[in-house]
Every structure is written in C-alpha cells, then in structure tokens.
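I am keeping these notes while I look through one structure, entry by entry. I want to begin with how its strands are joined and then turn to its helices and its interior.

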Amino acid sequence: LGYTREERLALTLAAITHPDEVGRDVDALLQLRRGDIKDHYVEKRYVAKDGATVWTNVAATVALDSSGNPDYMVTIIEDITDRKLAEEGLARTTRALKALSGVNEALVRARNEDELLTSVCEAILRDGGYALAWVGYAAHDDAKSVFPVSVSGDNADYVDDLGITWGEGPTGMGPVGRSIRESNLVVTRDIATDPGFASKEAASARGFQSAMSLPLLDPNGLAFGCLSIYSFESEAFDADEVALLSELAGDLSYGIETLKARELRIQVDRDLAATNLRLEGVLRSVTQTMGKIVETRDPYTQGHEEGVASLSKLIAQEIGLPEDDIEAIEIAALVHDIGKLSVPAEILNKPGKLSAIEFALIKEHSQTGYDILKDIDYDWPIADIVVQHHERMDGSGYPNGLVGEDILMAARIIAVADVVEAMASHRPYRSALGLEAAIAEIRDNPDKFDGDVVVACLRLHEAERIAL
C-alpha cells in the first residue's frame, strides 16, 4: 500500500479500507473479536497511500486462548489487483463488443436516419450496459450549437438543458464541443475532476462518473456530430473499450452518410418522376393542341383526332397490349392527321369529288406528318406510326406501299379506327355513312386490315362499346 511499518501501525482498519466497504469490514472484525464467528473470507479493496485502489482476497481466522476466548487473529492477504483489472477490462471489452454488435444490427435494419440513431442509442444501453447514450449534430449557426437528435436512457432529460456548443467559448470546452471541434475522441475518466466538464452537478446527481465523446466524421474526416456515452463507473473506458467504441462510432458515421445518400437518391427519383409526369402532361397537351389545330382548318373533321384516339385505345386494350404501347397508340392517334396542315383548306373542305392531283396532295399528309413529328423526342416511334396509318396489309396503302408485318401494330390499329370514325361521321362531300357501314367496310376487306385488330373492333361493336 506504500506505507512504512510505523505508518501502518498508526492507522486503523477503516483508514485503509475502501469507503464502500468500511461498514462491512468493521462489522466482520467485531464479530471475530466477540467470537461470533471464527473465520472470515472476503474480496476486499484497500486504499494505497497514493489513493490507488488495491484489490485483495482476505482470509482471517481467530486463535483462542486456554479459556476459549479470542486471543489473536491471523490474516492472509493476497493481492489480486492485476486479475481484477483484467476481469474488469474483459467485462468492459465484452460490453463494448455487445454494443458494437447491436449497432451493426441496427445499421443493417434501419430504413432511415431517425430510426438508425434511435436504434443505435438503445443498443448501446441494452447490449453495452452503459448509463446514457445520445447523439448531437453540429449546427453551423453563429453560436455553433450542438443539437441533440437522439437520446436513450433513464436519465435522458440530462441533455435537455446542456446548452453545448462546439465553438471555443466556455460552452465549447466540454468533451462534446472539443470532440466535434477537433474531430477527435475525448475520454473523461472522472467527471468530478475534469475542469472542462461544465455539467458536473447534473452528471453527479444522476450517478454518471465517466464519459466518452466520439466524433461522427464525414468522408472528409470532419466531424458533423458526436456520439456521447456515459458510465456509472469511474475510470471506465480503457484502451480496448475505447478502440471498440471508436469502431462503433465509425460504423455509425458510415451508416448515417449512407442513409443520407439513399434518402437524397430517393428524393431525386421522386422529383424526377414528378418532373416526368409534368413533362408527359405538357407533351400530351401539346399533342392534343396540334390535333385541334388541324381541326380548325377542317371543321367537318372536328373531334376526328380524339375519336380515332379513343377507339384506337379501346381496340388496343381489347387485344391486350401493354399499357405503354396503348399510351403510344393514343398519342399517335391524336396527331395522325397533323400533316394536313400542308393541304390547302379549299381541298380539305371541297364538297365535290377530288381530282387526281388534289387527292395526291391529300395523300402527302402522311409523309408531311412524319416530317413534322420526327424531331420531337417522344418515348415512342410516333412519327413512324403516323406515316404508316394509311398503309394496308395487302400493300395497297400509301405512302410507301408497306405489306403485312412491315407495318407497325400501332399503325394497323389506327388504320382501322380511322376508317370506322371517318365513315361514321359527316364529310363535306357526303353525309355520314353510319357505324354499321363502317364496321362492314373493315369486316369485308380482310386483305387490307389486320385480322386481330378487326376482330377486336367487331367485339367492341357487338358489346356496344363504340361511341362516336
């Protein structure tokens, strides 16, 4: 213990016994002297001259005189300090390992940053057996404030009024402020004697005796926050425990950065999806407007574009085409006659029969429509569908005389819908022929129109689903 023989003889048992054990040991000594007990075995802490704690195993027995009364006592004291320190170190390492394991499990399971921080603080207490754990983020305001974002423990209210900063003023001299400012860990082995620990009274009132502040580092090695862990034990956080908890903080930093990046990607994807929806809406509006421009030059075909688009969509659905293909067909149908902008209005509205030259000009509208649409960045081959909507399966169509499978399915569907809608509607040169005549036209010309498309249209007619 560091005392001389003379110093030892002048000391009482209580003077060299750890304060927590004085009552127990004095009581045992009195029992030995009275003869109430003959032997006493105990694990005991002595206090050395320099204040250090010395762990021992004590075995004491009383020798009796000839009358059977206690005469003297023989005591054997074994120094077990190294073993106790090793056991304590192992226990601390074990609890740090458990905390690290719990944190890593939280890293795997957490779906967002708040959930991660809550799970980590709870794991540190549950698996590590520590007194308190909390995470604070560094704010870049004028005061350089530290805001608690997650806390776990029965003494969670401890962090409510700390008023910690990470600046160089008085409120930034504590372990949390220093840890963030210096991007380094700070271990407080004895809160009561640490001059920088501003909340000693509040900590002591809750039984906190030691603490550790671990910086949370961004990819550039700069602290964006701090993980603080408190213990009810003095002189806690030895080298092995510090190493494991530092690894824990590193894992937590990585998890936070990963979740932030994930949340950013999700938000970017959401914004992009919203933008795409707006663009699709704009594109559809522009497409509808383009169709209406054609109608203003030819009042007899007012509603023709939308009518063809509606019937084309019904036929495509009846066939069972994918939604994306159906949308392409609907868009193409809305502008299938856009090329008529190049045809003189007097030809479009001519009440009599067209001459060969005039009909040739009309036939140019498919190619003109292609030329207008080819440079618009649709998600589908709209221009190709438009140029083919007057092609026929037997090669008798225009402008390129395509045959069979060379014609896009979308164009084959619009071709049928175009004929049905046109024949059932009024034109300058004739009255409406009616829906029955239109259905007969596509049914009685199997060489010109796609069979599957015609069958689908006939089923719609039978079900009375065609409304023009």
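Before reading any pair of residues across a sheet, I wrote down that two strands pair if DSSP finds at least two bridges between them. With that in hand I noted that Val58 stands opposite Ile77 in β3, and I reminded myself that this is a predicted model.

**Entry on the sheet.** I looked up the order of the strands and found an open sheet of three, β1-β2-β3, with antiparallel pairing. I recalled that strands of a sheet pair through backbone hydrogen bonds, either parallel or antiparallel. The edges are formed by β1 (39-47) and β3 (70-79), each of which pairs on one side only. Averaged over neighbouring strands of this sheet, and with direction ignored, the turn of one against the other is 30°.

**Entry on the pairs.** I then went through the two pairings in turn. Between β1 and β2 I found nine bridges, and in β2 the bridge partner of Val47 is Thr53. The hairpin of these two strands has five residues between them, and there Gly51 takes a positive phi near 95°. Strand β2 (residues 53-64) is also joined to β3 by nine bridges, and Asn57 stands opposite Glu78 in β3. In the hairpin of β2 and β3, again with five residues between the strands, I noted Gly68 with a positive phi near 85°.

**Entry on the helices at the sheet.** Helix α3 (residues 81-109) lies across β1, β2 and β3, and I noted that it runs at about 130° to β2.

**Entry on the cores.** I looked up the largest nonpolar core, which has 44 residues, and among those with the most contacts inside it I listed Ile315, Leu373 and Cys457. Several helices each supply at least two residues of this core, including α8 (304-319), α14 (409-423) and α16 (451-462), and the largest share, nine residues, comes from α14. A second, separate core has 33 residues, and Val103 and Ile229 are among them.

**Entry on Arg392.** Which side chain of opposite charge is nearest to Arg392? I found that it is Asp418, 5.8 Å away, and that Arg392 is buried yet has no salt bridge. A salt bridge would need a side-chain nitrogen within 4 Å of a carboxyl oxygen, so Asp418 at 5.8 Å does not qualify. Arg392 sits in the loop between α13 and α14, and the residues it touches, leaving out those up to four places away in sequence, include Leu402, Ile407, Val419 and Phe449.

Technical notes. Residues numbered from 1 in each chain as written. Predicted model: local features only at pLDDT ≥ 70, side-chain atom pairs only at ≥ 80, totals over all residues. Heavy atoms only, no water. Core = buried A, V, L, I, M, F, W, Y, C linked by side-chain atoms within 4.5 Å. Buried < 20%, exposed > 50% of the residue type's maximum accessible area, 1.4 Å probe, protein only. Helix = DSSP H or I, 4+ residues; strand = E, 2+ residues; numbered from the N terminus. Lys, Arg positive; Asp, Glu negative; His and termini not counted. Contact = heavy atoms within 4.5 Å. Axes fitted to C-alpha atoms, helices over the stretch in contact; angles between N-to-C directions.
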